[in-house]
Structures are given as structure tokens and as C-alpha cells.
Amino acid sequence: MTNSKDIIVVGGDGFCGWPTALHLSQLGHNVTIVDNMSRRDIDAKMGADSLTPIASIDVRLTAWSEKTGQTITFENIDVARDFDRVVKLMERIKPDTVIHFGEQRAAPYSMRGVGEKRYTVDNNISGTHNLLAASVELGLDPHFVHLGTMGVYGYDDDGIEIPEGYLPVYIPGDDSKIYQREILYPTNPGSVYHMTKSMDQLLFQFYAKNDRLRITDLHQGIVWGTQTDETRLDERLINRFDYDGDYGTVLNRFLMQAVVGHPLTVHGTGGQTRAFIHIQDTVKCIALAVNNPPPQDGKVAILNQMTETHTVRSLAAMVAKTCDAQIANVDNPRNEAAENDLRVSNKTFISLGLKPVTLAEGLMDETFQIAAKYGHRCIYEMIPCVSTWTDNQRPGVVGN
Ligand code: NAD
Ligand code: USQ
């Protein structure tokens with residue numbers, strides 16, 4: 001490949017980071033994974049595990065070399081707590097691109113208790129800031145690609161199509177003059193985790209303006225599916241599949257619940273509309289973002305990385321129909337609007353050539369097969385979501 005880049009993938013052992021690292025390596029880039037294994041540690045602490053049997057990082061990387069002849073290197077660094085090692089690594093590699101997946105990413109985990117709230121804020125904000133500050137300190141100019149989230153926008157039911165990051169506003173001034181400004185689309189996060197992603201946006205805005213860092217912030221929807229072209233190459237490369245009440249995301253949870261005979265845990269009425277993307281499209285979008293850095297113009301490029309929207313109840317109905325599963329409408333442990341509409345612009349990725357994989361195209365079958373193959377590994381007691389948003393949903397606290 002002609003345009004090979006030196007790329008650091010922070011969080012490259014995780015659900016999105018691992019298949020992305022493989023895909024970029026397959027495309028001919030020099031990939032270094034940085035991860036502190038905190039996700040595996042949290043599983044061990046909670047007594048949970050990926051439904052799929054994920055290999056250790058050493059076995060994963062050896063398998064990748066054996067299958068493809070490509071090498072991915074690995075550094076065990078906590079980017080939030082070991083600034084000196086972040087600086088040394090960046091100084092040595094002088095990366096063209098830093099892709100940042102390395103955050104605590106589960107909303108329910110971030111709401112478990114004060115320890116998890118503090119950990120999520122400390123880890124996510126410090127990690128993001130350390131990576132930006134290290135680049136400036138070293139006088140480097142890597143392109144930052146950050147995994148943000150659709151959830152920063154909130155779920156106000158006003159019918160507006162959510163634009164890609166920015167909103168023109170009109171402000172009345174003296175003498176009836178009207179001033180126009182472009183602002184970050186106002187955030188309305190629904191959990192401490194989503195709040196950290198809102199705060200990340202301000203860090204990016206500042207460093208793009210002040211230090212002219214080139215930053216792409218990808219506001220991603222809920223990722224579903226398990227395997228990609230690269231993780232399918234060998235059993236030792238298999239991707240993780242979270243299904244527990246904190247880390248499992250809604251569609252993968254429903255697919256796995258149907259397979260193990262657990263009623264589908266629809267929160268409340270299931271009227272929540274959310275944005276979705278398949279893991280295969282996640283890796284494609286990131287490769288497109290890597291190839292298209294924004295100009296050094298002081299402005300963060302914000303792209304909505306999602307392909308379709310669905311209500312929770314329509315997903316449950318689809319899964320229940322396909323495999324004759326029961327639906328249970330459980331009390332919603334979250335503080336969120338019971339029903340909302342959602343329209344999102346994803347015009348940039350479509351214009352860059354993304355051809356989305358949709359639920360209807362049968363890829364759900366593959367996820368069913370994974371769930372069926374490894375269903376025997378499920379720890380049944382880990383399925384319910386026990387993290388609640390408020391003190392036993394205090395009276396008077398209402399959804400956003
Ligand atoms: P994940 O938990 O599977 O992976 C995150 C990885 O980062 C883990 O391997 C973890 O060990 C590592 N990590 C965390 N803190 C670190 C630190 N301080 N130093 C080094 N490594 C650290 O999560 P994921 O599902 O792969 O998500 C990756 C990113 O994408 C997250 O930032 C998340 O917010 C975003 N995202 C995920 C989804 C989704 O549905 N999974 C959707 C939208 C956005
Ligand atoms: N839900 C159920 N039943 C379940 C699990 C979830 O009804 O068993 C509902 C939730 O109440 C919520 C919706 O499904 O209304 C989505 O929940 P989720 O856990 O699938 O997704 P979320 O908490 O939003 O977080 C996930 C990822 C996070 C990412 C986010 C993208 O964990 O890292 O940022 O999706 S987005 O939702 O677009 O912000």
C-alpha cells in the first residue's frame with residue numbers, strides 16, 4: 001500500500017478497537033495497540049465475561065501474524081494515569097494518526113455508584129486530555145480520531161434532524177440587528193458516561209482552536225454484531241460479545257437472550273428510539289476517517305457514525321418473531337424519556353462512500369449463530385440490569 005500510516009489505537013483490545021486495529025493492519029498501516037486491560041479487569045471484578053471466548057492479547061497478536069504475516073505491536077499503558085509513558089510512546093512513534101477508543105464506555109456501569117461515577121470521569125477526561133496535551137508538548141501533529149457517541153445530543157423529541165455537530169444560532173442584538181453564530185450542538189447527556197463524552201467535545205474544541213490539532217470526533221450509535229472480515233479469519237481473533245446488564249448493548253442482548261431462553265428485557269414501553277451501526281461498518285467508517293483528516297483550520301470535524309434508527313420495542317418484536325422468544329417489559333432502571341423520535345444526518349460517511357449493512361440484510365443471522373454457538377458460556381445471573389440512575393428512582397425525578 002502506498003499511503004501507509006503509523007497509527008496508535010488506544011483501547012485496541014476492546015470491542016470496537018480490536019477489529020479496527022486488525023482492519024487497519026490489513027490495509028497496510030503500522031498499528032500499535034495501547035490498552036491497559038481495564039475492560040478485562042472490570043469483567044473479572046464483576047464476575048462477568050464476554051460470551052465469546054476472547055484470547056489473551058499475546059495470543060491474539062501471534063494469531064494475526066500467523067494468519068496474515070502482518071505485525072501489530074502492543075503497549076500496556078494507562079493513558080489516563082501514566083502521562084510520562086504516553087509522552088515517551090508518542091515521541092518514539094510520532095504517529096500520523098491516534099485513534100482513541102480508550103474510555104469506560106458503559107452508561108449503566110457509570111451509574112452503579114459513586115466509585116464508578118468518579119472512575120468514569122477521571123479515566124475518560126484525563127485520558128483524552130493526556131493524549132492531546134502530549135501531542136502539543138512534543139510539537140507533534142497527529143490526526144486524532146475519537147469515538148464519541150450519539151447520546152451526547154440527548155433525545156429531545158422536537159423532530160429536528162440532528163446535524164453533524166454544529167448548529168447555526170441567531171441572536172438578537174442592539175438596534176434589532178441579528179447576529180449569527182455556529183455553536184456546538186447543545187449536549188443533553190443521559191448518564192455520567194455520556195456526560196464525559198460531552199466534556200471531551202470541549203477539550204477537542206479548545207485544542208483544535210488553540211494548538212491547531214486536527215481532530216475528527218465520530219458520534220457513533222449503538223454498535224451491534226460481533227465479527228468482521230478480519231476477526232473471522234481465526235478463532236483466536238474472535239471479537240468480544242458483551243451481554244451482561246452493564247456492558248451488553250440492547251440488540252446484542254436481545255439476540256443472546258432469545259438464544260438462551262431469557263425473556264427479552266425491554267425497559268419500560270420500549271419506545272426509546274436509538275441509532276445503530278454494525279461493527280463491520282464501524283471499522284469501515286474509521287478507515288474512511290483516517291484517510292480523510294480535516295484541514296488545520298481550528299475546527300473539529302464532527303461526523304455522525306450511524307446507519308439506521310429503531311425503537312427498542314421494534315427490535316424486540318423483530319427478534320421475538322424470528323426465534324419465538326418472549327418479551328418482558330421490565331421497569332426501566334434508567335432516567336430517560338419513555339418515548340422519543342430520532343432523526344440523524346449521516347451525510348458525510350455516505351458521501352465518502354459508506355454502503356451500510358442493515359439489520360434487514362441477514363447479518364442478524366450471523367450474530368444469532370455466534371450467540372447460539374457460545375450460549376452455553378452465558379452466566380444467567382449477569383443478564384438483568386441492576387444499575388439504577390437515581391436512588392431507587394426517587395419520586396419527583398423525571399426523564400429528560
Ligand atoms: P470497550 O470497553 O470494549 O473497549 C475500550 C477499551 O479501552 C478496553 O479494551 C479498555 O481496556 C481500554 N481502556 C479504557 N480505559 C483505558 C485507559 N485509561 N488506558 C488505556 N486503555 C483504556 O468499549 P468499545 O465498545 O470498544 O467502545 C470503544 C469506544 O467507542 C468508547 O470510547 C465508546 O464510548 C465508543 N462507542 C462505543 C459504542 C458501542 O456500542 N460499543 C457505541 C458508540 C461509541
Ligand atoms: N435497553 C433495554 N433493554 C436492555 C438494554 C437496554 O430496553 O436490556 C434500552 C435502554 O434503556 C436504552 C436503549 O436500550 O434506552 C439503549 O441502551 P444500550 O445499553 O444498548 O445503549 P447505551 O446505554 O446508549 O450505550 C451504548 C454503548 C455506549 C455508546 C452508546 C451509543 O454502551 O458506549 O456510546 O451505545 S448511543 O446510544 O447512540 O449514545
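## Helix contacts and ligand shells

Val250, Leu251, Phe254, Leu255 and Ala258 of H8 meet Val312, Leu315, Ala316, Val319 and Cys323 of H10. By class, this contact of H8 with H10 has 10 nonpolar residues, no polar ones and no charged ones. Please keep in mind that the model is predicted. The points below follow H8 to its two helix partners and to ligand 2, then turn to ligand 1 and the pairing of H6 with H7.

**The annotated domain**

- The unreviewed UniProt entry places the feature "domain: NAD-dependent epimerase/dehydratase" at residues 7-293.
- Across residues 7-293 the chain is 40% helix and 21% strand.
- The C-alpha atoms at the two ends of residues 7-293 are 13 Å apart.

**H8 and H10**

- Helix H10 covers residues 312-323, and its axis comes within 10 Å of the axis of H8.
- The two axes cross at roughly 25°, and angles under 35 degrees count as roughly parallel, so H8 and H10 are roughly parallel to each other.
- H8 passes H10 in a right-handed crossing.

**H8 and H12**

- H8 also meets helix H12 (residues 363-374): their axes come within 9 Å and cross at roughly 50°.
- Because of that angle, H8 is oblique to H12.
- The crossing of H8 and H12 is right-handed.
- On the H8 side, the contact is made by Asn252, Leu255, Met256 and Val259.
- On the H12 side, Met364, Thr367, Phe368, Ala371 and Ala372 take part.
- The residues of the contact of H8 with H12 divide into seven nonpolar, two polar and no charged.
- Leu255 of H8 appears in the contact with H10 and also in the contact with H12.

**Around ligand 2**

- There are 23 residues around ligand 2, and the closest are Thr149, Met150, Gly151, Val250 and His267.
- Helix H8 (250-260), strand S11 (264-267) and strand S12 (273-278) are the elements that give two or more residues to this shell.
- S11 gives the most to the shell around ligand 2, with three residues.
- Sorted by class, the shell around ligand 2 has nine nonpolar, nine polar and five charged residues.
- Val250 is one of the closest residues to ligand 2, and Val250 is also part of the contact of H8 with H10.

**Around ligand 1**

- Of the 28 residues around ligand 1, those that come nearest are Gly11, Gly14, Cys16, Gly102 and Leu147.
- Helix H2 (38-46), H6, strand S5 (143-149) and strand S10 (222-224) each supply at least two residues of the shell around ligand 1.
- The residues of this shell divide into 11 nonpolar, 11 polar and six charged.

**H6 and H7**

- H6, which contributes to the shell around ligand 1, spans residues 114-138, while helix H7 spans residues 192-211.
- The axes of H6 and H7 come within 9 Å and cross at roughly 15°.
- Because of that angle, H6 is roughly parallel to H7.
- The crossing of H6 and H7 is right-handed.
- From H6, the contact uses Lys117, Thr120, Val121, Asn124, Ile125, Thr128, His129, Leu132 and Val136.
- From H7, the contact uses Val192, Tyr193, Thr196, Met199, Asp200, Leu203, Tyr207 and Asp211.
- By class, the contact of H6 with H7 has nine nonpolar, five polar and three charged residues.

Definitions and conventions. Residues numbered from 1 in each chain as written. Chains lettered and ligands numbered in written order. Predicted model: local features only at pLDDT ≥ 70, side-chain atom pairs only at ≥ 80, totals over all residues. UniProt positions renumbered as here; feature names shortened; annotations may be inferred. Helix = DSSP H or I, 4+ residues; strand = E, 2+ residues; numbered from the N terminus. Near = placed C-beta within 6 Å. Nonpolar A, V, L, I, M, F, W, Y, C, P; charged D, E, K, R; others polar. Axes fitted to C-alpha atoms, helices over the stretch in contact; angles between N-to-C directions. Parallel < 35°, antiparallel > 145°, perpendicular 65-115°, else oblique. Left-handed = near helix turned anticlockwise from the far one by under 90°. Contact = placed C-beta atoms within 7 Å.
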